[in-house]
Amino acid sequence: MRSNGCGDLRKQQIDEQVQLCGWVDRRRDHGGVIFIDLRDRSGTVQITVDPDLGADAFAVAEHLRSETVLQVKGKVRARPDESLNERLATGAVEVLASSITVLNGVKGNLPFPISIHDEENTREELRLRHRYLDLRRKRMNDNLRLRAQTIQTARRFLEDEGFIEVETPVLTRSTPEGARDYILPSRVCGGEWFALPQSPQLFKQLLMVGGIEKYYQVARCFRDEDLRADRQPEFTQLDMEMSFMDQEQILDLNERLICTIWKTAKGVDLPRPFPRMTWHDAMERYGTDRPDTRYGMELTNVSDIVKEMGFKVFSGAVKAGGSVKCIAVPGGNDAVSNVRIKPGGDVFSEAQQAGAGGLAFIRVRDGGEIDTIGAIKDNLSEEQTRELLGRTGAEPGTLLLFGAGDTATVNKALDRVRQYLARELGMVKADQENDQWNFLWVVDFPMFEFNSDENRYEALHHPFCAPNIADLGTDEALWADTLPKARAQAYDLVLNGLELGGGSLRIHDSSLQRQVLQTVGLPLEEAEEQFGFLIEALDMGAPPHGGLAFGLDRMVMLLAGEESIRDTIAFPKTQQARCLMTAAPAKVADQQLADLHVASTWVAPNADDDA
RNA sequence: GGGACCGUAGUUCAACCGGUUAGAGCACCGCCCUGUCACGGCGGAAGUUGCGGGUUCGAAUCCCGUCGGUCCCGCCA
C-alpha cells in the first residue's frame, strides 16, 4: 500500500515515484493549487495537488477535510527555493500527487482536533472517551513509543545480564496485609475466590527456589485502592529477583540498568554511583523517605535548643516526646509574607493539610536581629538565638519556618511545606532542557512500624524482607525482642522526590519467616494457611535471594516529562477506576452471576438514576 | 469516606455583583483565491449553559441535590 513513510522523505528521494498512506493533518486550498499535509507515524510531508498535472487527484483533494485517511501516489520533487519549510523535517521536498484515494473518511465533527497545531488543553474526559483519537496525537504517540523503547532497553540489558523473563499467574490467591485485592469468583470451585496479584512477590521468590537465579518480568499488578495522578488500579512493574547476590551487587546492577535506560531515552550519562542515604537520615533531614535533593531547605532539628524555653508550643512538644524542626527559606523574608504563613494563607494550608496546627516563624534581619511574634522573641535568649541561627546557617533575609509536635506530623508538615515552597519559589526547573536527575538510594529501612491504632507492628516494606543480621543477632531465642527494632535489608530508588522502585533481600530461612509473620500479628496457624507454600519451599533448599521492582508507568512519566501516569498508558482509567471508552465496569447478565454462585447486594443510591 | 476546583456551540474559552436575542477563536458548510505551510478573503449554520429541583417578575449567573472529570487527605505492605 505504501512505499515510504511520510516523514522519511528527503532530497535523496527526489524524482522517485512513491505511495504514501496517512491522515490529512491540514489542507490549504488556493483555488488552483491545493496543499495537503499528510501525516503518518513517521511524520508529515506536504502533498501538492496541481489541477494541470493531476486532474483526478485535484477533484478528490477539493473536498478533503482533516483526519481523512488517504493513499497518495505521486513523485517526490524539490520545493521551489522560496517555499522551503525549515520547521518541517521533510520541508525541502513535496510530493506531486498523481492520484489520491480516500481510504476512509470522517463523518460529523471530531470531538477534538488531532493536529499538533491544535493540541490545546482538551478535557481529559473527552480524551479518555475517545482514547483512539488521543493516541493519534503526537504527544501520546510519542509517549507510547518512549514506553516501548524503555521496556525494550530494560529487556535487552537484563537478557544480556543473564536474566530470563518468566510470566507469573494473574489468577492467584488473596493474601492479608497490603492493599485491597481485586477478587474474582471461581465458577468451578464454588464459593471460592481468586485475587489479582498486587505484585508477583511470592512467585518470584519461588522462582528463585526453582533455580531460575535471575528472573525479570514486565508484570501487570492490581490494587483496588483509591487513585491519584500517579496511581492506577492496574499498573506495570519492571520486576526482578536474583539469587546469590548481596545488596551491593543488586544496587550496582540496577544502577547500570537505570543508566542504560536514561542514556537511551534521554541521551544523558548519569553519574555513578548514585548517592545513598539511610532511612533515618532521610526522615531527619527531609521528613520523608523519598527526599527531593534538587534543592536545599533541609529540615533542622532544634528540639534541644528550645526544650526548656518559655514558649510552650516548642518546649511542650519536646517534653511530650515530639520534636521542633525548622526549614530555612532563603530570601523568604521578601518572598513569603506573614499572611501566607498565618491561618488562611497558602503556606499555612499546606502545613495544615499535613496535620500540623500551624507554623511558627522567625525572620532573620541584618546583624542577626530576629523578627517574630512576641511569645517567641520574649522567650528566646541571645544564646539560643545565636545557636539557632548558627545551626540553620540562616543569612539575613532568611525565613525560618517551624513545626512543633509529634515527630511524624512535624516531618510530614515540613516536608510538604518544603516541596510547596520549592515549587512556588522556582527552585525546581520545570523546563525539560534544565532537567535534573537526582537519583538517591534510600537504605536501612526499619523492618516494622508500630501501628498504635491496631496496637501491632506492620511491615514497612512487606513481611518477606530480610532483617539486618547485625541488628537481629544469631540467637534465635532472642529474635522476638530484637526483630521489632531491626533494620531491614531494603532499599528504595528515589528520583527527584518520587519513589521509582524498591526492593530488598528476602528471608530464606523458614523459622525467621514464621517469626516475622508472627511479629506483624499473623497467628502461626493463619501464617501456615496463607503462606504455607512459601515457608515449605524455604525448607527445600531456598537460595539466598533478593530483588527489586520499578514502577514502569512512573518511570516513563518522568522520562516523558508528564505529570500523570495516565499519559503513559494507552487505555487508563479515571479516578473512579472507570474506563470511559468501553464503559467498564458494567453490569452482567443475572445468569452470569448465577454461574459464578454470586448474588449482588448492590442497591442504587437513587432509584431514578438506575432506569 | 472527606476537602477543593471544574462542567456554556464539535472544541478551546468569554459572559457570572441575576436583567434585551448567551459571544469570540479554531473546526464545520457555501463562495472566491495557483506556492501556501496555524495560508488568506466574504458569507452561513451551529446552544436543553451536564442533569433535576428551589428562590425570583426574571437564573448560564444565587441555593440544594445529583451525575461526570481533575487535584489532594484518608487509603495505597
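Is helix 20 (residues 552-560) mostly covered or mostly uncovered, and how many of its 9 residues are buried? In this predicted model, helix 20 is mostly covered, with 7 of its 9 residues buried; buried means under 20% relative accessible area, exposed over 50%, and partly exposed in between, using a 1.4 Å probe and protein chains only. Because the model is predicted, local features need pLDDT of at least 70 and side-chain atom pairs count only at pLDDT 80 or more, while totals for chains, interfaces and linings use all residues. Residues are numbered from 1 along each chain as its sequence is written, chains are lettered from A and ligands numbered from 1 in the order in which they are written, and side-chain values use heavy atoms, with hydrogens and water left out.

The overall picture of chain A comes before the details. Its secondary structure amounts to 21 helices and 22 strands, where helices (H or I, at least four residues) and strands (E, at least two) are DSSP runs numbered from the N terminus. The C-alpha trace of chain A spans about 95 × 75 × 60 Å along its principal axes. Of the 611 residues in chain A, 45% count as buried. Among contacts in chain A with a separation of 6 or more, 67% come from residues 24 or more positions apart; contact means heavy atoms within 4.5 Å.

To return to helix 20, its buried residues are L552, D553, M555, V556, M557, L558 and L559. The elements that cover these residues include helix 4 (138-160), helix 6 (247-266), strand 10 (234-243), strand 20 (490-495), strand 21 (498-505) and strand 22 (545-551). Just after helix 20 comes G561, with a positive phi of about 70°.

Helix 18 (residues 510-519) can be read in a similar way. Its buried residues are S510, L512, Q513, V516, L517 and T519. They pack against strand 18 (448-451), strand 19 (456-459), helix 16 (469-472), helix 17 (479-482) and helix 19. G521 follows helix 18 and has a positive phi, near 90°. As general background, an α-helix has 3.6 residues a turn, so residues three or four places apart point the same way.

Helix 19 (residues 524-538) also meets helix 5 (residues 201-209): the two axes come within 10 Å and cross at roughly 20°. Axes here are lines fitted to C-alpha atoms, for helices over the stretch in contact, and angles run from 0 to 180 degrees between N-to-C directions. Helix 5 and helix 19 are therefore roughly parallel to each other, a label given to angles under 35 degrees, with those over 145 counted as roughly antiparallel, 65 to 115 as roughly perpendicular and the rest as oblique. Their crossing is left-handed, which is the case if the near helix is turned anticlockwise from the far one by less than a right angle. Helix 5 contributes L202, Q205, L206 and V209 to the contact, and helix 19 contributes F531, F533, L534 and A537. These residues divide into 7 nonpolar, 1 polar and no charged; Ala, Val, Leu, Ile, Met, Phe, Trp, Tyr, Cys and Pro count as nonpolar, Asp, Glu, Lys and Arg as charged, and the others, Gly among them, as polar.

Next comes an open sheet. Its 5 strands have the order 12-13-16-14-15, with antiparallel pairing; two strands pair if DSSP finds at least two bridges between them. The edges are strand 12 (299-301) and strand 15 (370-372), each pairing on one side only. From one strand to the next the twist averages 30°. Strand 12 pairs with strand 13 (residues 323-329) in the antiparallel sense over 3 bridges, with L299 partnered by I327 and T300 standing opposite C326. Strand 13 also pairs with strand 16 (residues 399-405), again antiparallel, over 7 bridges, and here V324 stands opposite A404. Strand 13 is mostly covered, 7 of its 7 residues being buried: S323, K325, I327 and V329 point one way, and V324, C326 and A328 the other. Helix 7 (residues 279-286) lies across strand 12 and strand 13, running at about 95° to strand 12.

A last stop is F35, placed in strand 2 (residues 34-40). F35 is buried, with a relative accessible area of 17%. Leaving aside residues up to four places away in sequence, F35 touches R26, R27, R28, H30, Q46, I47, T48 and E94. The C-alpha atoms of F35 and L388, 353 residues apart along the chain, are separated by 70 Å.
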